[in-house]
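This report describes selected features of one protein chain, from its annotated regions down to individual side chains. Please keep the sequence and the structure in view while reading.

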Amino acid sequence: MLIPVVLAGGAGTRLWPMSRASHPKQFLPITGRRSMLVETLARFDSLSTAAPIVVCQDAHRFLVAEQLREAGVTGDILLEPALRNTAPAIALAALQAIGRDDNALMLVLPADHAVADPQALTAAIAPARAAAEQGRLVTFGVSPTRAETGYGYIEAADTPSTDSAVPIRRFVEKPDAETAHSYLASGRYLWNSGMFLMRADRYLQALERQRPAMLAAVKSAWDARQVDLDFLRVGVDAFSACEAESIDYAVMENAPDASVVALDAGWSDVGSWQSLWEISAKDEDDNALRGDVIVDGVSGSLIHSESRLVAAIGVRDLMIVETPDAVMVAHRDASQAVKRVAETLKRQNRTEWDQHRRVHRPWGSYDGVHAAERYQVKQISVRPGGRLSLQKHFHRAEHWIVVRGTARVTRGEETFLLEENQSTYIPLGVVHRLENPGKIALELIEVQSGSYLGEDDIERFDDVYRRE
């Protein structure tokens, strides 16, 4: 049984302001019309694989569930109660995989990478699978196209091959420019892609040999697992006590049976705006443009617009990224510094580091259209069958105006329907609920007024999504 294991726990802060902590790049349509998570799962439609295992943060569980549902994919969703890097996350997936099949093979894939030629990746799986079935721990090393200083490298013990797995001599950190050029010239070095194919039991054996305390903590967390709706929760305390380490450090660097298959598939980790510019389609002036953009005398730039017209004149080698609540302008050479902006916003306790103006919820989403002293306006969208919690607020009242669809409203002891162009009022302190009983999305305008308008002004009495 070949099981895709998709690691979807990253933060993606280097692609701010498009990627935010609560909605990072793997859940966004960065490289196409579908999210990177869905693109990752779709790469192996032509292969005979079992249902995937997706490992993600608790905070992103409903995003994952909804995107899998929309893509028609059924799989297991494992929740990490704390971020502990890839080695413990893969160990959780290995335990789940063995529960399905004692001889399960895991195809481990980051959810936020781009592959321009999925067929080449599919072809590389055959020699990797043959080696993994013999008990070897196989990774895919990307054939380098330039002397890149932003990636880690793998040195093969022999000439790397796309047709067979070659033993690994060593893993090396991101090199300086001179060293990177020597790696490129040698022909023995590959970029470290972070993709693996291995038997689940062999991975756990290697982890027990090299990081026994880590495996003990993961097993303890696994033994305390519980099913919650569509998700599998593991023990919080045990997993949080686990050391944080990547699979490279914890296992692969010291595994005598570690091997690599060379891959030439147009791979990118999309780790920066510069990386996205490199893999994007460009116009005759080397500009990667997306959205409502007008350029005049512009070259070598990436310009991304989400909500309004962006016009650029007489500039070159810039990154201009517009979202409904932020604009980022930087030179392409400074793409690695974007993460520092997100860190500054976090230190300043600003919402822009964490959330977009449109915030996703398990029942749908809301858009913070306008906010001022003692009132704010939101556009609320509830998917068919969506149901907000039965709740009340202590500091605000709410006015609801339906602009599309049908709303079922609970207000105190009464329940009634609202159609398009109808409205209602929820007084401060009154227990209420909003539902969409229809077959199309429910859209309404909400006007909140009161002394405090924070999202934490809420007491829930009943919630089908089991949120705290």
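Over the ring of which residue does the charged end of Lys 378 sit? The ring is that of Tyr 366, and the charged end of Lys 378 lies 4.1 Å from its centre. This contact, like every feature reported below, comes from a predicted model.

## Annotated regions

Two domains are taken from the UniProt record, in both cases from an unreviewed entry. The annotation "domain: Nucleotidyl transferase" spans residues 4-285. Within residues 4-285 the chain is 35% helix and 23% strand, and the C-alpha atoms at the two ends of this stretch are 39 Å apart.

The annotation "domain: Mannose-6-phosphate isomerase type II C-terminal" spans residues 348-463. Here the secondary structure is 0% helix and 55% strand. The end C-alpha atoms of residues 348-463 are separated by 32 Å. As the record is unreviewed for both domains, these names are reported here as annotations that may be inferred rather than shown by experiment.

## A four-stranded open sheet

Four strands form an open sheet in the order E14-E16-E18-E19, and their pairing is mixed. The edges are occupied by strand E14 (288-290) and strand E19 (326-331); each has a single partner strand, so one side of each is left without a neighbour in the sheet. From one strand to the next, the twist averages 5 degrees.

Strand E18 (residues 318-323) and E19 run antiparallel and are joined by six bridges. One position illustrates the register: Glu 322 has Val 327 in E19 as its bridge partner. In a regular strand, side chains alternate between the two faces of the sheet.

## The hairpin of E20 and E21

Strand E20 (residues 358-361) and strand E21 (residues 364-372) also run antiparallel, with four bridges between them. The connection from E20 to E21 is a hairpin of two residues. Arg 361 stands opposite Gly 364 in E21.

## Cysteines

How many disulfides does the structure hold? The number is zero. For Cys 56, the closest cysteine sulfur is that of Cys 242, 17 Å away, which is too far for a bond; a disulfide would require the two sulfur atoms to be within 2.5 Å. The converse also holds, since the closest cysteine sulfur to that of Cys 242 is in Cys 56.

Both residues are shielded from solvent by the accessibility criterion. Cys 56 is buried, at 0% relative accessible area, and Cys 242 is likewise buried, at 4%.

## Backbone geometry in loops

The peptide bond between Trp 16 and Pro 17 is cis, with omega near 10 degrees. Pro 17 belongs to the loop between strand E1 (2-7) and helix H1 (36-42).

Positive phi values in residues other than glycine occur at Asn 85, near 70 degrees, and at Val 270, near 45 degrees. Asn 85 is located in the loop between strand E3 (76-80) and helix H3 (86-100), whereas Val 270 is located in the loop between strand E13 (267-268) and helix H10 (273-279). Are these two residues buried or exposed? Asn 85 is partly exposed, with 42% relative accessibility, while Val 270 is buried, with 0% relative accessible area.

## Aromatic pairs and charges over rings

The count of aromatic pairs is six. In one pair, the ring centres of Tyr 153 and Tyr 183 are 5.1 Å apart and the ring planes meet at 55 degrees, so the pair is classed as tilted. This pair links distant parts of the chain: Tyr 153 lies in strand E7 (residues 153-156) and Tyr 183 in helix H5 (residues 177-186), 30 residues apart. Tyr 153 is buried, at 1% relative accessible area, and Tyr 183 is buried as well, at 10%. Elsewhere, ring pairs link Phe 62, Phe 231 and Tyr 465 into a cluster.

Besides Lys 378 over Tyr 366, a charge over a ring is found at Trp 277. There the charged end of Arg 332 sits over the ring, 3.5 Å from its centre.

Methods
Residues are numbered from 1 along each chain as its sequence is written. This is a predicted model: local features need pLDDT of at least 70, side-chain atom pairs count only at pLDDT 80 or more; totals for chains, interfaces and linings use all residues. Side-chain values use heavy atoms; hydrogens and water are left out. Two strands pair if DSSP finds at least two bridges between them. Axes are lines fitted to C-alpha atoms, for helices over the stretch in contact, and angles run from 0 to 180 degrees between N-to-C directions. Buried means under 20% relative accessible area, exposed over 50%, partly exposed in between (1.4 Å probe, protein chains only). Rings of Phe, Tyr and Trp (its six-membered ring) pair if their centres lie within 6.5 Å; planes under 30 degrees apart count as stacked, over 60 as edge-to-face and the rest as tilted. A charge sits over a ring if NZ of Lys or CZ of Arg is within 6 Å of the ring centre and within 35 degrees of the ring normal.
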